[in-house]
Structure formats: C-alpha cells, structure tokens
Amino acid sequence: MDNSIQAHQKELCNKLWAMANALRGNMEAYEFKNYILGMIFYYYLSDRTEKYMVNLLKDDDITYEEAWKDEEYKAAVIEEALRDLGYIIEPQFLFHKMVKMVENRSFDIEFLQKAINSLMDSTIGNDSQEDFDGLFSDMQLDSTKLGHTVKDRSAVMAKIIASLDEINFSVEDTKIDVLGNAYEYLIGQFAATAGKKAGEFYTPSGPAELLCRLACLGLTDVKEAADPTCGSGSLLLRLKNYANVRNYYGQELTSTTYNLARMNMILRGIPYRNFNIYNGDTLEHDCFGNMKFRVQVANPPYSAKWSADMRFMEDERFNEYGKLAPKSKADFAFVQHMVHHMDEDGRAVVLLPHGVLFRGAAEAVIRKYLIQKLNVLDAVIGLPANLFFGTGIPVCVLVLRKERSANFNNILFIDASKDFEAGKNQNILRECDIDKIVETYEQRKDVDKYAHVATMQEIEDNDFNLNIPRYVDTFEPEEEIDLNEVAAEIRKLQKEIKGIDAELKPFFDELGLDFPFEVEGE
C-alpha cells in the first residue's frame, strides 16, 4: 500500500474514532456503534447510488434528479437499480442532501427515519429483501439514550452527518477499500471498549489472519465459504484476501451482530446475490441445511452452554459419535457441525479453548472419533494468552481436513504460545508470528521446542489426549549453578558487611546507643 494512502487511512480512522468518542455522550460505546456504523453504511449506500446513476445516465445527458421527475425515466432507473444494487435511494434522501439540510439547520431526525423507511420499502418483493430486512433496526432513532427530545436526538444525528461529510473517504487508488477498512477499524475499536461483549462480534486481526491463511492454503478459487458463528462477518470476509470466494454463508445468534454482518458484506462490495447470512442459533437450528463447503472458519463462543437435548442424537451432525458435547461446553458441537458441512476436499479452521484437547468424558469420546474414525484432524496449534477481547485465556487452533492424503497417519502439533508482541491491554500476534506458523504447517517437519509431527501411534499411546506439551517439549534447562562460586561470593559479602559494621560502631558509641551487631575482636 502506498505510504500516502496508508497515512490517509490512518488519519481517517483516527478522525472517525475521535468523532465516535466525542458524540456518544453517556452512551456505552458498544451501543453507540449502531448509530455511527449505521450512518457510515447509509453514506456508503448513498454514494454507491450516486455513482451508479451517473454511470447509468451518462449517455442520456440527464441527472438523477431530472430522471426521477420523468415518469418513464423514473420507472427505468428504479428497475435497473433494484436489479443491480438491490435497493434505491430517492434523490431527496441522498446523503449530500442531508448534509445541506444540516448546514441550513432544516434537518430533523424524522426526515432521516423517512429516508431509511423509503430505502427499506424499495427492497420489498425484490430478491434483496431478505438481505436488507431489518438492517437499520438497531439504529433506534427514537431512543432516549440518543436524547430526551426530538430536537436533542436530531442534533446528535446532525453532528454525525456533518462529521462524516468532513471526513474524506475518497482515494485515488480504487484498489484500496478505504471506507471498508475504516468500517472494519471502527468495529475493532468498539470491540476493544466493549469488554466481554466484544467476543460476540469481532475476532482480532492477528488470529483472524492466521485462520484465513491456513484455510485457503493451496486454493485460488472457492465456490462457497462459511462461518457458523460469523459475528460481524469480518473473519469470513478476510478470506477474500487469499482466494476468490464466490459465495459467502454465515449464521449469527445475536440479531444486532447479524445486522452488522450483512452491512459489512454489502459495504465490502459483496453483491447481495453472493451472500447469505442467517439469524439464529447454529447448534439448535442449522440454517445451512444440506450445504457442503470447501472452506469454513470460526471463532465460536468458548465453552458456551447449549441444550444437548437427546433429540440431537438423531441429528446427522452429531449422531455418529455416540455422545453429545456436554451442556456446559458446546465447543465440540461446533466442531461436529463444521465437519458435517465439509465437502469432499473441505477444510475447517476453528479457534477453541485448550480444554477441548484433553477434557474427558463425552468430549474424550468425540475427540477419539474425530481422530480415529473420521481422521479429519490435521493440526493442533497453541496460541499465546491474552490475544482476545474479553478473555485472557490462551486458545488453540484446530485445522480439520476431509482429505488428508499423505498425512493420514499423523497430526502436526505447533506450540506458538511464546511468539507475540506484548500489548497494553492485549497481546498481538504479529505478521512474523503468523508467517512462522503457516510455514511450519506447510513444511510439516519437527522443529525443536516449536513443532512435532506426531504419529497416530503416539496419539493412541497418549489415549487421544492432545495436550500440546505431551508432543512439543519446550522445557528449557536451567543454567547449572557453580556452588563454589556462590560460596566465594557469600564469603566476600560477609567480609564487606563486617568492614561496614566496624565503620558504623564508633558513631553508635558516640551517640550512646547500643550497636545491634557484633564486631570482630570484641
């Protein structure tokens, strides 16, 4: 990336975050994100509409506003926009028109609500309806958290509109997704201030990068990719940096985050026909149905509770294992879900707590089945502690592959727990750390104190316990202590102490105080 573009990106991100902090007042950052991100999304849809209309009408020598006033033209531009964009924003509701209203103090929040309603109504009955339905529902413009009166709420939204207008989102190099990157940055910043709630919608860039690189190794074109716990969709979208992903699928339980994921898809330029994000509990209601995927990535909620209802013993995702993941720890249920949805050459890469590697009872049964019967576990990678928002625990990466060919008789273990940059609130997985892991995974050789290719016999000898220290010995022997040297140092110190005592005693005598130590010769 060009340095000037990088600088522009950084300046833009800093301005956005400063704006978010200045405007949110007493509202929690994770709540205010719905307004900031919602308006950035509206800005994007409006900008996209304007550029689309300029291109559509360039040969007719007519503006979008003029076309809208002509019934014939109006019908044509609506039809074209709904087919290509999936929505339409009327000329009067374009973002730059709202900026003008803010400038001449005629803007009010009810007009913004009217604009959003018009946009949403335009999708009804169209193929894009499902992808747009309820997208702005979290941007509650009548909420007292935004202000107690219509005037107060209008003032806050007017400030957001004016602030966004001041920020220059355009950049000459069209390869750089400035607005998309800024949106992603804000999601990350909101996550950093949201404590435990952050895990609901965001995976930090280091671990996300690692998962996507591992999942796409050797692939250039991916017909379908999925994330069963997709959060804001950032992890899923990152896959396109490493392969041409044609269709994206995700499922997300939290409705606010589900809306964020769909916004993120559209804002990142994924056509509405090329993504399907579902709202619901992945384990209880599998929205992927009979679909199979070449690539899956996931950062599920760690040790989440689930029903573990006996009806799941009839579910194709779980029935062959003989046991269900325990009610208090759904980790393996997510793994089983992903294994079920792998295609004939599918690969799934998932972040999980270390407990999945060694816990007993039902989890031991599932682990053994995955290794021995299905033989889909390709690698186990231990990551540093404190990489994630809301939890300091170290996590591991499981790499699962349906077709393991030459590696069918071994599992690679990597202990990458010591490679990171210490951060103020979080540790950071650097690019060099990720490179080292990926290269080690590709080369699949033993590396002293870092990696070991364990045979299936070793795994069996360890009773299918995958705890990394059993396979990668990171023990560093302590330096031998020379006792004679230590004794000589002690004698030297004792001699120095006696000399100091002898110097101090005359002062105590002069003051008429008892000297607390014995002095040689007395």
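Me: What makes strands β8 and β9 a pair?
Reply: Two strands pair if DSSP finds at least two bridges between them. Five bridges join β8 to β9 (residues 451-455), so the criterion is met. The two strands run antiparallel, and Ile411 stands opposite Ala454 in β9. Strands here are DSSP runs of E with at least two residues, and helices are runs of H or I with at least four, numbered from the N terminus. This is a predicted model, in which local features need pLDDT of at least 70 and side-chain atom pairs pLDDT 80 or more, while totals for chains, interfaces and linings use all residues. Residues are numbered from 1 along each chain as its sequence is written, and side-chain values use heavy atoms, without hydrogens and water.

Me: Which sense does the pairing of β6 with β8 take?
Reply: Strand β6 (residues 377-382) pairs with β8 in the parallel sense, over four bridges. In this pairing, Ile381 stands opposite Ile414 in β8.

Me: Why is β8 called mostly covered?
Reply: A residue is buried under 20% relative accessible area, exposed over 50% and partly exposed in between (1.4 Å probe, protein chains only). Six of the six residues of β8 (residues 410-415) are buried. In a regular strand, side chains alternate between the two faces of the sheet. Here Asn410, Leu412 and Ile414 point one way, and Ile411, Phe413 and Asp415 the other way.

Me: How do you know on which side of α5 the buried residues lie?
Reply: In helix α5 (residues 95-103), Phe95, Met98, Val99, Met101 and Val102 are buried. They cover an arc of only 160° around the axis, so they lie on the same side of α5. The arc is taken from the directions from the helix axis to the C-beta atoms. Just after α5, Arg105 takes a positive phi of about 60°.

Me: Is Ala308 buried or exposed, and why?
Reply: Its relative accessibility is 14%, so Ala308 counts as buried. Ala308 lies in the loop between β4 (293-298) and α13 (331-340). Although not a glycine, Ala308 has a positive phi of about 50°.

Me: Is Ala361 buried or exposed, and why?
Reply: With 67% relative accessibility, Ala361 counts as exposed. Ala361 is found in helix α15 (residues 361-373). The phi of Ala361 is near 55°, a positive value in a residue other than glycine.

Me: Why does Ile481 count as exposed?
Reply: Its relative accessibility is 66%, and therefore Ile481 counts as exposed. Ile481 is found in the loop between α17 (456-461) and α18 (483-510).
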